[in-house]
Structure formats: structure tokens, C-alpha cells
Amino acid sequence: MKHLKISLAIALLAAGLQLSAQTKPPLVKFKPPQLYTQLGGFRDSVTLSVADAENIIGETLKIFDDKKGLYSISSYQFLYRKRGVTENEETGKVTPITSMVSQRFTKTPLPKTWIEVIKQDVKPGEELFFFDVIAKDALGRVMYAPNFKVLIRQ
């Protein structure tokens with residue numbers, strides 16, 4: 001009886017080892033392609049005139065790779081760095097300041113209200129910045145795309 005228990009225990013251990021020894025399919029490591037971010041006809045970071053910035057701000061943000069394959073945009077953040085002035089009430093002295101407005105979006109182009117405000121207000125020395133751009137390929141794999149910055153020419 002004792003030998004039967006030992007034999008049964010050995011058989012169960014062997015079966016357990018057999019189950020754990022099964023091989024799993026090898027993981028295929030995904031190497032994301034080099035991506036590019038484009039707005040209008042411009043890629044990467046650019047310095048533009050006020051008129052050019054007004055023209056492209058309503059365009060669709062596009063992500064593509066070296067083979068010109070387009071990627072969908074999952075989300076991105078947009079920042080508008082504005083220049084302004086503040087006046088000291090006691091002295092009347094005017095001092096330049098910078099303010100920022102930023103929001104996360106899931107659709108491109110930007111909403112109409114953002115486009116209209118930027119077209120009306122954009123001035124030299126300001127900045128339009130698309131960052132944390134998350135793109136998806138046709139298989140649903142998520143990856144970061146490069147930031148896109150527009151500096152407005154003085």
C-alpha cells in the first residue's frame with residue numbers, strides 16, 4: 001500500500017512536470033516604425049509666419065511612417081502658449097507675460113472654437129504645440145508619435 005502511494009505521488013509529480021514543460025509560442029518582439037507627425041504640409045517642428053499658422057491650425061494632424069502608411073490618432077494634447085501683458089496697478093508699469101492653455105483631444109482637427117480663437121489671437125513669439133501624440137496601427141498596436149511644435153515668427 002505504501003509503495004502504491006509513493007508510485008501515485010511520483011506519477012502525479014511527473015504529470016505536473018510534463019504539463020509545465022510544454023513550450024509556449026515565442027513572443028515576437030514588436031519594433032515600432034519611425035513615425036512622423038504632420039500638420040498641413042509641415043513635419044516636425046517649424047517656425048512659421050502668423051498667416052501660415054492661421055492657415056494650418058484647422059488642418060488634420062496626420063501620423064505616418066517611412067512607407068507613407070497612415071496611422072490613426074488615439075489622442076494628443078495641444079498647448080497654446082500666448083504672449084500678453086500685465087499692468088501693475090500701483091505703478092502703471094506694463095510687463096510682458098506668458099500664459100498657456102492646454103487640453104487633451106481624441107479627434108483631429110482641433111475643435112472649431114479652438115481654431116477660431118487661435119486664428120483671431122495668434123501673434124509673433126507665440127507657440128502651438130501638439131504633444132503626447134498617441135497613434136495606432138492597423139493591428140491596434142499603440143505607440144507614441146513625435147511632438148509637433150509651431151513657433152510663430154517674430
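**Helix H3, the nonpolar core and its aromatic rings**

Ser75 is located in strand E5. The model described here is predicted. Strand E5 recurs below: it spans residues 70-87 and is part of what covers the buried residues of helix H3, and 5 residues of the largest nonpolar core come from it, the largest share. The points that follow treat Ser75, the helix, the core, the aromatic rings and Phe129 in turn.

**Ser75**

- Ser75 has a relative accessibility of 5% and so counts as buried, the cut-off being under 20%.
- Beyond four places in sequence, the contacts of Ser75 are Arg104, Phe105, Thr106, Asp132, Val133 and Ile134.

**Helix H3**

- Helix H3 runs over residues 112-121, and its buried residues are Trp114, Ile115 and Ile118.
- These buried residues lie on the same side of H3, because the arc they cover around the axis is only 100°.
- An α-helix has 3.6 residues a turn, so residues three or four places apart point the same way.
- Lys112, Thr113 and Gln120 are exposed on the other side of H3.
- The cover over the buried residues of H3 includes strand E5 (70-87), strand E6 (94-105) and strand E7 (127-136).
- Ile118 is in contact with Ile57, Phe78, Tyr80, Leu110 and Leu128, when residues up to four places away in sequence are not counted.

**Nonpolar core**

- The largest nonpolar core has 29 residues, and those touching the most other members are Tyr76, Phe78, Leu110, Ile118, Leu128 and Phe130.
- Strand E5 supplies the largest share of this core, with 5 residues.
- Ile118, one of the buried residues of H3, is thus also among the core residues that touch the most other members.

**Aromatic pairs and cluster**

- There are 8 aromatic pairs in the structure.
- One of them joins Tyr76 and Phe105; the pair is tilted, with 5.7 Å from centre to centre and 35° between the planes.
- This pair links distant parts of the chain, as Tyr76 is in strand E5 and Phe105, 29 residues apart from it, is in strand E6.
- Tyr76 and Phe105 are both buried.
- Tyr76 also pairs with Phe130: the ring centres are 5.8 Å apart and the planes meet at 45°, so this pair is tilted.
- Because Tyr76 lies in strand E5 and Phe130 in strand E7, the pair ties together parts 54 residues apart in sequence.
- Tyr76 counts as buried because its relative accessibility is 1%.
- Phe130 is buried as well, its relative accessible area being 2%.
- One aromatic cluster is made up of Tyr76, Phe78, Phe105, Trp114, Phe130 and Phe148.
- Trp114 in this cluster is one of the buried residues of H3.

**Phe129 and charges over rings**

- Phe129 is found in strand E7.
- With a relative accessible area of 16%, Phe129 is buried.
- Apart from neighbours within four places in sequence, Phe129 contacts Gln77, Phe78, Leu79, Asn147, Phe148 and Lys149.
- Gln77 is 52 residues from Phe129 along the chain, and their C-alpha atoms are 8.1 Å apart.
- Lys149 places its charged end over the ring of Phe129, 5.0 Å from the ring centre.
- Elsewhere, Arg43 is positioned over the face of Tyr36, 4.3 Å from the centre of the ring.

Conventions
Residues are numbered from 1 along each chain as its sequence is written. This is a predicted model: local features need pLDDT of at least 70, side-chain atom pairs count only at pLDDT 80 or more; totals for chains, interfaces and linings use all residues. Side-chain values use heavy atoms; hydrogens and water are left out. Buried means under 20% relative accessible area, exposed over 50%, partly exposed in between (1.4 Å probe, protein chains only). Helices (H or I, at least four residues) and strands (E, at least two) are DSSP runs, numbered from the N terminus. The arc is that of the directions from the helix axis to the C-beta atoms. Contact means heavy atoms within 4.5 Å. A nonpolar core is a set of buried Ala, Val, Leu, Ile, Met, Phe, Trp, Tyr and Cys residues joined through side-chain atoms within 4.5 Å. Rings of Phe, Tyr and Trp (its six-membered ring) pair if their centres lie within 6.5 Å; planes under 30 degrees apart count as stacked, over 60 as edge-to-face and the rest as tilted. A charge sits over a ring if NZ of Lys or CZ of Arg is within 6 Å of the ring centre and within 35 degrees of the ring normal.
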